[in-house]
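I opened this notebook to record what I looked up in the structure, entry by entry. The order follows my own reading.

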Number of protein chains: 2
Amino acid sequence: MQDPSAATGAVSTGSGDTIPSSATMNGRLSTSGANGAKGTIGIKQETKRSKYRHVAAYHARVRHSSLTREPNVTASFLGFRNLMVIVLVAMNLRLIIENFMKYGVLICIRCHDYRKQDVVLGSILFALVPYHLFISYLIELSASKRAKQVVGQRKKDGSPEAAERDQRTFRLTWWLSAFFHCVNTLLSLGVTSFIVYFYIHHPGIGTLCELQALIVSFKICSYAFTNRDLREAMLNPSMESALPEIYSSCPYPRNITLGNLIYFWLAPTLVYQPVYPRSSHIRWSFVGKRLFEFVCLTVFIWLLSAQYAAPVLRNSIDKIAVMDVASILERVMKLSTISLVIWLAGFFAVFQSLLNALAEILRFGDREFYTDWWNSSSLGGYWRSWNRPVYLFMKRHVFSPLVGRGWSPLAASTVVFLVSAVLHEMLVGIPTHNMIGVAFAGMMFQLPLIAITAPLEKIKDPSGRVIGNSIFWVSFCLVGQPLGALLYFFAWQAKYGSVSKMGA
Amino acid sequence: MQDPSAATGAVSTGSGDTIPSSATMNGRLSTSGANGAKGTIGIKQETKRSKYRHVAAYHARVRHSSLTREPNVTASFLGFRNLMVIVLVAMNLRLIIENFMKYGVLICIRCHDYRKQDVVLGSILFALVPYHLFISYLIELSASKRAKQVVGQRKKDGSPEAAERDQRTFRLTWWLSAFFHCVNTLLSLGVTSFIVYFYIHHPGIGTLCELQALIVSFKICSYAFTNRDLREAMLNPSMESALPEIYSSCPYPRNITLGNLIYFWLAPTLVYQPVYPRSSHIRWSFVGKRLFEFVCLTVFIWLLSAQYAAPVLRNSIDKIAVMDVASILERVMKLSTISLVIWLAGFFAVFQSLLNALAEILRFGDREFYTDWWNSSSLGGYWRSWNRPVYLFMKRHVFSPLVGRGWSPLAASTVVFLVSAVLHEMLVGIPTHNMIGVAFAGMMFQLPLIAITAPLEKIKDPSGRVIGNSIFWVSFCLVGQPLGALLYFFAWQAKYGSVSKMGA
């Protein structure tokens, strides 16, 4: 690696105390040519270094610091993104060690805190609720038979008077089926809520039962509404009543079968369609992977809740009781990280792993259970994208019909959020036996937030989108969720005392 | 906003129970045309919706979840970057509140923990050290006079014998100036280190004096080496001894003036050049902004150190004493975030704010005091870019001359890091009165780390760069720095007891 120019001796040219021309010192300076200043030594020395290493001109031109805001300076900060990830991992690893030193292992597999009555009642309820769907099937079956009769009679006697008479008599069927569907849905929701609120103490079992009842009620509504419109479309065929092409393979009333209903019951959607897009075959390896993810994430959530969320919640009680604002803020912030992780894991477990596994088994084609809600630059964008099954239900059976009837989109949205707020309060308040209205208020509070962040979504400048996205994360995942959890937990404690005395 | 299709009555076409063709239901489905399935209603209905809102086919085609790894699915995760920033802010805000609730306000403006002797001795030392540069000027002045004599005599008597005789007598000047420079540099470093180690108790004042002595010594070395080579180049002009073009405006020995030296003394560089690139004028607003930044960051660092770093360090002492590994790990992690923030703030304060302000005042053109070290994908890249003044000094006066003499780059690099390790240990060990060798070992440990991460830098795939960058952040900012700080603090406590008894 010896430098040849360094090994050769100094060749004296005897030109006195003149300063020889420049030489290229390092790569950075290779643009400054080596032309002789005096014209005597005009040979390019691009590849040769000066024999004298200590004279290299490392400061050869004006340069800016890369953090100075100069017109021609652009800096990349990609490294700081990696640093953020590392700091987050390190900070949370530290909290895990701190938690372990403080509490030891809190996880206990064999200890359970639910009563036998809760499990028995919950199981019966969970198994019985889907029968309401069967009742709605019977209602639709008789309505479809009546509709077929009408169509049959119309074919025999095509006079306008006969058609009008048919139409009138069919009104009765319309009202009867609407009435029975309403009763059926309300019974499904009401009975479950009543039993959960008064007889199932454990909030987890209660939530599962309540969730099951809500899903079944959604499905009953969608089944009833869709079949009503299909029936009407059959009775009054016209240009405006054109039906989606995909339905042509199973026209009404051929879709009113038990098999069709059972598929809808199991399918990962709340929107009834006689026909769904289907995938060609079941990839069992895909199902296995998704179920494995689901099991792992469930265990992960359970560990996090028992080891990290529970102590934080317990430690917060005294501070909420004395209304120490700084402490409550500190607790909400400590809880926010854990609740955020649990929320993200739960989202992935249900919407990615479970629903995809279910869809694969049923060859259900449309797997868009969510879109990229994490990039939402407005609260509205978030609500449209995080839970597509509920969003599509609300859009199809609440928002769109209201707008069709001449309501303004704002009024229709308000109705959607009102319905959603009531259902959220039911889902949280009933299993915790505390209808304190926080979930309701939280959902209704989304309306002003949506209004505030809606203009941010339309800003072309990326900074507007970043601000909107930040408002979404802070309002929802960092403040809304942990504050809500804290308040329901506090209400629970106020009503029942310590969690450990839950069974008493 | 009333939908016209909803307002019009149902137009019965009397076509019986056939299924009409599809209609466009929403924007998503606008590609599926509305051509009549039976051919009877072939009119495009792109702009019209079905009268029946509840039948819209929201599940109209096969779609994948955006988190599923499918060939045609690409997801953007930009929102999670915002979330990371928010979580980091929230987590640290929580730690600030926690710290405040635990310790209250620890900052105290009027209480100081240094002795009067420290301040007086430190100030004298700080003021006297630069005189060593003046001594080196005198040495160079006499050497340049001798060189001019030689050149003058050579002009009178151009015979080869006379030239050889001159060359021989000039050897003496070479050795004499080298000797005096060595003595001067060693005295500058040695006296300062001795006084700081034995007479200046306060580590902060000691560090400032030691840093001043190191910088002055660097400048003496660079001044001596550069002028020696310039002199040699003047005495032996040749193609190989070509000098950089930028120097032509001030050829040797015209650069040996007090003014030139004082500019070098003040300039934000450790590499002596007779001429530097200069900016055209001083922008005083720029100077003001940089100095304001510097003051703010200094106060910020002081607040962080007093309120956050000090309690963490103090709490760690017992845990280090009993060698509780989990606790030490927890402490290092807790310290790492604070030390990282202090380090980043300190870097910005010195290398961006202070050096840029100084450069602007001196119209020093080359402001590349650092390049984008935060993106380094190897440790080597980091050391080349974070502290350019020292890097350029080492490259010009240690690495490059050694390679020029035939050393391998690896051997030359090892020497550079050996010198650097000694200087680091001096800079940390002497002011804290504990030469425990951790700083030395930390610097020497860089060599294997550089060797490990060097291949990562060359990988074309971005993941290699991310891994290298992560190794750099973890090894240096998250483990190396806080562990070093902890160990020196522990050594200090072991020697002097509590910090509060420092003056005793």
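**Helix α4 in both chains**

I began with chain B of this predicted model, where I found that the buried residues of α4(B) pack against α3 (116-128), α5 (160-199), α6 and α7 of chain B. The residues concerned are B:His132, B:Leu133, B:Ser136, B:Tyr137, B:Ile139, B:Glu140, B:Ala143, B:Ser144, B:Ala147, B:Val150 and B:Val151. I then checked the length of the helix: the 26 residues of α4 (residues 131-156) of chain B should span 38 Å at 1.5 Å a residue, and the end C-alpha atoms are 38 Å apart, which agrees.

For chain A I looked up the corresponding entries, and the buried residues of α4(A) include A:His132, A:Leu133, A:Ser136 and A:Arg154. Their packing partners are α3 (116-128), α5 (160-199), α6 (203-235) and α7 (258-266) of chain A.

**A:Ile220**

Next I turned to A:Ile220, which lies in helix α6 of chain A, and asked myself whether A:Ile220 is buried or exposed. Its relative accessible area is 0%, so A:Ile220 counts as buried. Leaving aside residues up to four places away in sequence, A:Ile220 touches A:His132, A:Leu133, A:Ser136, A:His181, A:Asn184 and A:Thr185; of these, A:His132, A:Leu133 and A:Ser136 are among the buried residues of α4(A).

**B:Arg254**

For a contrast in exposure I took B:Arg254, which sits in the loop between α6 (203-235) and α7 (258-266) of chain B. With a relative accessibility of 57%, B:Arg254 counts as exposed. I also noted that B:Arg254 and B:Pro274, 20 residues apart in sequence, have their C-alpha atoms 8.8 Å apart.

**Chain A as a whole, and its domains**

I recorded 15 helices and zero strands for chain A, and buried residues make up 50% of its 504 residues. The domain assignment gives domain 1 (114-276), domain 2 (299-369) and domain 3 (370-497).

The centres of domain 1 and domain 2 of chain A, taken over C-alpha atoms, are separated by 33 Å, and their contact takes six residues from domain 1 and seven residues from domain 2. The area buried between these two domains is about 550 Å², with carbon and sulfur atoms giving 79% of that area. On the domain 1 side, A:Tyr263, A:Leu266 and A:Pro268 supply 84% of the area buried against domain 2, more than any other three residues. I found zero salt bridges across this interface, and one residue pair in polar contact, both at pLDDT 80 or more.

**Salt bridges**

Which salt bridges should I write down, out of the 28 found over all chains? I kept three pairs and one network.

A:Asp118 forms a salt bridge with A:Arg115, with the closest N and O atoms 3.2 Å apart; A:Asp118 is buried at 1% relative accessibility, whereas A:Arg115 is partly exposed at 28%.

A:Glu360 and A:Arg283 meet at 3.1 Å, N to O, and this pair links distant parts of the chain, from helix α9 (residues 325-361) to the loop between α7 and α8 (284-321), 77 residues apart. A:Glu360 is buried at 1% relative accessibility, while A:Arg283 is partly exposed at 29%.

A:Asp366 and B:Arg63 meet at 2.7 Å, N to O, and this pair crosses between chains; both A:Asp366 and B:Arg63 are buried.

My last entry is the network of salt bridges that links A:Arg94, A:Glu98, A:Lys334, B:Glu330 and B:Arg331.

Notes
Residues are numbered from 1 along each chain as its sequence is written. Chains are lettered from A and ligands numbered from 1 in the order in which they are written. This is a predicted model: local features need pLDDT of at least 70, side-chain atom pairs count only at pLDDT 80 or more; totals for chains, interfaces and linings use all residues. Side-chain values use heavy atoms; hydrogens and water are left out. Buried means under 20% relative accessible area, exposed over 50%, partly exposed in between (1.4 Å probe, protein chains only). Helices (H or I, at least four residues) and strands (E, at least two) are DSSP runs, numbered from the N terminus. Contact means heavy atoms within 4.5 Å. Domain bounds come from an automatic or database domain assignment. Buried area is the accessible area (1.4 Å probe) that two parts lose on being put together, summed over both. A salt bridge is a side-chain nitrogen of Lys or Arg within 4 Å of a carboxyl oxygen of Asp or Glu. A polar contact is a pair of N or O atoms within 3.5 Å; within protein, one must be able to donate a hydrogen and the other to accept it, and residues adjacent in sequence count only if both atoms are side-chain atoms. The expected span of a helix is 1.5 Å times one less than its number of residues.
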